[in-house]
Amino acid sequence: MPDVFLHVGLYKTGTTTIQGALAATAEQLAAAGVLFPGGHRAQRLAAYDLLGQRVGGEQRGEAAGALGRLVDLVAAHDGPTVVVSEEELSLARPRQARRLVRALAGHRVHVVIGARDMARTVVSAWQQTIVNGGSTAWADFVASVRGQEGAPPSEGVSFHWRHDLLRVVDSWSSAVPVERIRLVTVPPRGAPGTALLARFAAAADLPVGWPGDQQLVRNASLGAAELEVVRRLNEAVGGTFNATQHRFVIEAGIRSRLVGATARPLELPPEHLAWARSYGERLVAELVRRDLTVHGDLSDLVPSDVAPAGPALDDVTDAELLAATRAALVSMALDHGQLFRRYRRAFVEREGRLPGPAEVLTSELRAGAFWARKRAVHHADRHPLLARASNLYLQRTSPTSRW
């Protein structure tokens, strides 16, 4: 019976690194009988289809039927192993998890879940909400996550829905036996860069040595000042971007060039460390009680008892903001230039050729003359000579103006 490994997240547990490695080694895996069906885009659309989720800016109807298409790819595979990796699947309710497992009838389904300590998770999640278009300040975000009195509830509800490991375990254990649920803990800071992929490879029964010397892909992490610039930008543009546009401009655009603009990384402030440690200790105790298969070490889920001292995450100086803003403007300018070159290539593909030098010159001369006529009309009220010239031109070119 073929094995299907559903890697369902969680969010902020190295999914970008894992998915990048799977995509980059898809041919190598296929040679070993392991299918990464359709690539990550197809798997995300299938998750959207399963959940009923739609994202602003996506092509209408793109997700419809995507789950069926993915299942067809799995069914057509004649090898022993299939790996699907999509963190949106962590949002599946029990009945949705059971629906997907039923669709994979004839396969032995395993579920792989990533887990990370709360100290890093809550800071990383706040960063992601800003990168995705949010404008909630850190103090309000963490107060909401901790359920403090008077804090707005929405951020906390969203956070716990996305990052509650036990909820995800409960949802998927309604569809597969608990012995087929495997937990991968994110290694602590200072661990080798390949440690997470080695743990995932063991959990998903991937070939020994995977992914080899493949260069790792990671989400670029912003510093405090860079994130504050993006947060203020989000406040300014409001709802003028849809989700896809915002991802294109911020996440796929300026984010990578903002990294390192200032020297202050995002770290959980010391006043929240005791809460994060208590959360981790209680989570570990419950996971031990449930006796899940763990790849890694459950102690990785309890943050260190040492937190760096420093200013609050959203307390940034004018100098830091200036440096980060300059980096953002440079990034936008470079991206705009790249878009211009893409537009020229698209023009060539559509029209067959670029205009020659003579065509450009004569067209620009005509454009200059047209601009001069417009300016003359606009300034005619203030300059008698331009008014007289404009009237003479109008009488000569527009017969009905004399009526």
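**Parallel strands, a covered helix and aromatic contacts**

Strand 5 and strand 6 run parallel and are paired over 3 bridges. Within this pairing, Val 184 lies opposite His 295 of strand 6. The model is predicted, and the description below refers to that model.

Strand 5 also pairs with strand 4, again in the parallel sense, over 5 bridges. Here Val 112 faces Arg 182 of strand 5. Ile 113 has Leu 183 of strand 5 as its bridge partner. Strand 4 is in turn joined to strand 1 by 5 bridges, and these two strands run parallel. Leu 6 is matched with Val 111 of strand 4.

Both strand 4 and strand 5 were examined for burial. In strand 5, 5 of the 5 residues are buried, so the strand is largely enclosed by the rest of the structure. Side chains in a regular strand alternate between the two faces of the sheet. In strand 5, Ile 181, Leu 183 and Thr 185 point one way. Arg 182 and Val 184 point the other way. All five of these residues are buried. Strand 4 has 7 of its 8 residues buried, so this strand too is largely enclosed by the rest of the structure.

Nonpolar side chains in soluble globular proteins tend to be buried together. The largest nonpolar core of the model holds 39 residues. Leu 6, Ile 113, Leu 165 and Trp 172 touch the most other members of this core. Ile 113 has an extended list of contacts beyond its neighbours within four places in sequence. Among them are Val 8, Gly 9 and Leu 10. Leu 165, Val 168 and Val 169 are also in contact with Ile 113. The list further includes Ile 181, Arg 182, Leu 183 and Val 184. A second core, separate from this one, has 32 residues, including Val 123, Val 131, Val 142 and Ala 328.

Helix 10 spans residues 195-203 and is mostly covered, with 7 of its 9 residues buried. The buried positions are Ala 195, Leu 196, Leu 197, Arg 199, Phe 200, Ala 201 and Ala 203. These residues pack against several elements, including strand 1 (3-7), strand 3 (81-85), strand 4 (108-115) and strand 5 (181-185). Helix 1 (15-24) and strand 6 are also among the packing partners of helix 10. Just after helix 10, Asp 205 adopts a positive phi of about 55°.

The count of aromatic pairs comes to 5. One pair is formed by Phe 200 and Trp 210. Its rings are tilted, at 6.2 Å centre to centre and with 50° between the planes. Phe 200 belongs to helix 10, whereas Trp 210 is in the loop between helix 10 and helix 11 (224-237), so the pair ties together parts that are 10 residues apart in sequence. Phe 200 and Trp 210 are both buried. Elsewhere, Trp 126, Trp 138, Phe 141 and Phe 159 make up one aromatic cluster.

Charged groups also sit over rings. The charged end of Arg 162 is placed over the ring of Tyr 11, 4.7 Å from the ring centre. Arg 167 lies over the face of Trp 161, at 3.8 Å from the centre of that ring.

Three further positions were considered individually. Gln 128 is in helix 6 (residues 118-131). Its relative accessible area is 14%, so Gln 128 falls under the 20% limit and is buried. Leaving aside neighbours within four places in sequence, Gln 128 contacts Lys 12, Glu 251 and Arg 255. His 107 is in the loop between helix 5 (94-103) and strand 4. At a relative accessible area of 18%, His 107 is likewise buried. Beyond neighbours within four places in sequence, His 107 is in contact with Met 1, Pro 2, Val 4, Val 74 and Ala 75.

Val 306 is in the loop between strand 6 (293-295) and helix 14 (318-351). With a relative accessible area of 64%, Val 306 lies over the 50% limit and is therefore exposed. Val 306 and Gly 337 are 31 residues apart along the chain, and their C-alpha atoms are separated by 45 Å.

How values were computed:
Residues numbered from 1 in each chain as written. Predicted model: local features only at pLDDT ≥ 70, side-chain atom pairs only at ≥ 80, totals over all residues. Heavy atoms only, no water. Helix = DSSP H or I, 4+ residues; strand = E, 2+ residues; numbered from the N terminus. Buried < 20%, exposed > 50% of the residue type's maximum accessible area, 1.4 Å probe, protein only. Contact = heavy atoms within 4.5 Å. Pairing = 2+ DSSP bridges. Core = buried A, V, L, I, M, F, W, Y, C linked by side-chain atoms within 4.5 Å. Phe/Tyr/Trp six-rings, centres within 6.5 Å; stacked < 30°, edge-to-face > 60°. Lys NZ or Arg CZ within 6 Å of the ring centre and 35° of its normal.
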